[in-house]
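Biologist: I have a new model open on my screen and would like to learn how to read it. Could you take me through it, one feature at a time?

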Amino acid sequence: MKHGRLLVIGATGDVGLGIVSAALASGRSVVAAGRSADKLDELAASEASERLAVIVGDIATEAGATALWEEAVTKFGGIDAVVVAVNAPARLQPLMEMDVDELSAIAAANLFTHFIAAKTFLPRLSDDGLCIGIGGGTADFIVPKMTFISMMQAALRMMYRGIARERKGGAELRELMIVSMVNGRSKRERAQPEWLTEIEVGRHVCAILDRPDEFPGPILKLTAREQVGRSEREV
């Protein structure tokens, strides 16, 4: 198995939970990281696997990300791949009603965290390692009162493209843009049939981990369940 020791950051969010569950089902060892000890304890109780370890931490700063990495590598003797499933909700409002401080806080939570993760983890992964960031499809369109999210997602995509272009060897980098609503724990009651489930997202992430050469990226898109587990060449 490729990338058998996985670090998932944002593990207690809807997408993160699906990635953790699918990765464990695939036989991987998973270090699940998040900011809430209570939610991590709930995750550990629900999965109840000796191949799951949980750690409290965040990637809001480089120091925090470094500490998280150092703790993660002790759990299973190393980390082969990292998935960053971090985003922070914000109240919906027109862009022109926001101020710079609000935009800065949203950028720090949704964009700069991914930058810190890439800067911290890529040099520490082995040359055959892989780092995957989870992004959203609103990089390409605007939902009413969510222009600020589209701004962050578009910047995130260009950041991943730029880092991938600038790197000379070493661990690989991908962004998986989920161009669908996700039927996860927080949205279960209002989910529509066409929405991807969190487990389907997790299975697709595992396919990328298993066969990275078939998902060359650096930017990948997951739009519908017919794509799950299939390379973009096959679709």
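Biologist: What share of the contacts in the protein with a separation of 6 or more comes from residues 24 or more positions apart?

Modeller: Happy to help, and please keep in mind that this is a predicted model. Residues 24 or more positions apart account for 65% of those contacts.

Biologist: And how do I read the overall dimensions? What radius of gyration does the protein have?

Modeller: Compare the value with a rule for globules. For 235 residues, a compact globule would have a radius of gyration near 18 Å; this protein has 17 Å, which agrees. Along the principal axes, the C-alpha atoms fill a box of roughly 50 × 40 × 40 Å. Of the 235 residues, 47% count as buried. The accessible surface comes to about 11200 Å², and 52% of that belongs to carbon and sulfur atoms.

Biologist: Let's turn to secondary structure. How many helices and strands are there?

Modeller: The protein has 6 helices and 9 strands. As a general idea, strands of a sheet pair through backbone hydrogen bonds, either parallel or antiparallel. Here 7 strands form an open sheet with parallel pairing, in the order β3-β2-β1-β4-β5-β6-β9. The edges are β3 (52–56) and β9 (219–222); each has a single partner strand, so one side of each is left without a neighbour in the sheet. On average, neighbouring strands of this sheet are turned by 20° against each other, direction ignored.

Biologist: Which helices pack on that sheet, and what do they touch?

Modeller: Helix α4 (residues 100–121) is one of them: α4 touches β1 (5–9), β4 and β5, and its direction makes about 170° with that of β4. Helix α6 (residues 198–210) lies across β1, β4, β5, β6 (172–178) and β9, running at about 145° to β5.

Biologist: How many bridges join β4 to β5?

Modeller: Strand β4 (residues 81–84) and strand β5 (residues 130–136) run parallel and are joined by 4 bridges. To find the register on your screen, look for A81, which stands opposite L130 in β5. On to the next pair: β5 and β6 are parallel too, with 7 bridges, and C131 stands opposite L173 in β6.

Biologist: Is β6 largely enclosed or open?

Modeller: Buried here means under 20% relative accessible area. In β6, 6 of the 7 residues are buried, so the strand is largely enclosed by the rest of the structure.

Biologist: R174 lies in that strand. Is R174 buried or exposed?

Modeller: R174 is buried, with a relative accessible area of 3%. Its side chain makes a polar contact of 2.8 Å with the side chain of E172, and the R174 side chain also reaches the backbone oxygen of F215 at 2.5 Å. Beyond residues up to four places away in sequence, R174 touches several others, including Y160, P212, P216, G217 and P218.

Biologist: What is the setting of H114?

Modeller: H114 is in helix α4 and is buried, at 1% relative accessible area. The side chains of H114 and Y160 make a polar contact of 2.7 Å. Leaving out residues up to four places away in sequence, the contacts of H114 include V84, G133, I134 and M159.

Biologist: Now a helix residue with another setting. Is R165 buried or exposed?

Modeller: R165, in helix α5 (residues 147–166), counts as exposed, with 73% relative accessibility. R165 and P218 are 53 residues apart in sequence and 8.9 Å apart in space, C-alpha to C-alpha.

Biologist: Where should I look for unusual backbone geometry?

Modeller: Most residues other than glycine have a negative phi, and most peptide bonds are trans. In this model, a cis peptide bond joins G217 and P218, with omega about 10°; P218 is in the loop between α6 and β9. H3, in the segment before β1, has a positive phi of about 55° although it is not a glycine. K145, in the loop between β5 and α5, has a positive phi of about 65° and is not a glycine either.

Biologist: Are H3 and K145 buried or exposed?

Modeller: H3 is buried, with a relative accessible area of 8%, whereas K145 is partly exposed at 48%.

Terms used: Residues are numbered from 1 along each chain as its sequence is written. This is a predicted model: local features need pLDDT of at least 70, side-chain atom pairs count only at pLDDT 80 or more; totals for chains, interfaces and linings use all residues. Side-chain values use heavy atoms; hydrogens and water are left out. Two strands pair if DSSP finds at least two bridges between them. Helices (H or I, at least four residues) and strands (E, at least two) are DSSP runs, numbered from the N terminus. Axes are lines fitted to C-alpha atoms, for helices over the stretch in contact, and angles run from 0 to 180 degrees between N-to-C directions. Contact means heavy atoms within 4.5 Å. The radius of gyration is taken over C-alpha atoms; the globule rule is 2.2 Å times the number of residues to the power 0.38. Buried means under 20% relative accessible area, exposed over 50%, partly exposed in between (1.4 Å probe, protein chains only). Accessible areas come from the Shrake-Rupley method with a 1.4 Å probe; for residues, only the protein chains shown count as cover. A polar contact is a pair of N or O atoms within 3.5 Å; within protein, one must be able to donate a hydrogen and the other to accept it, and residues adjacent in sequence count only if both atoms are side-chain atoms.
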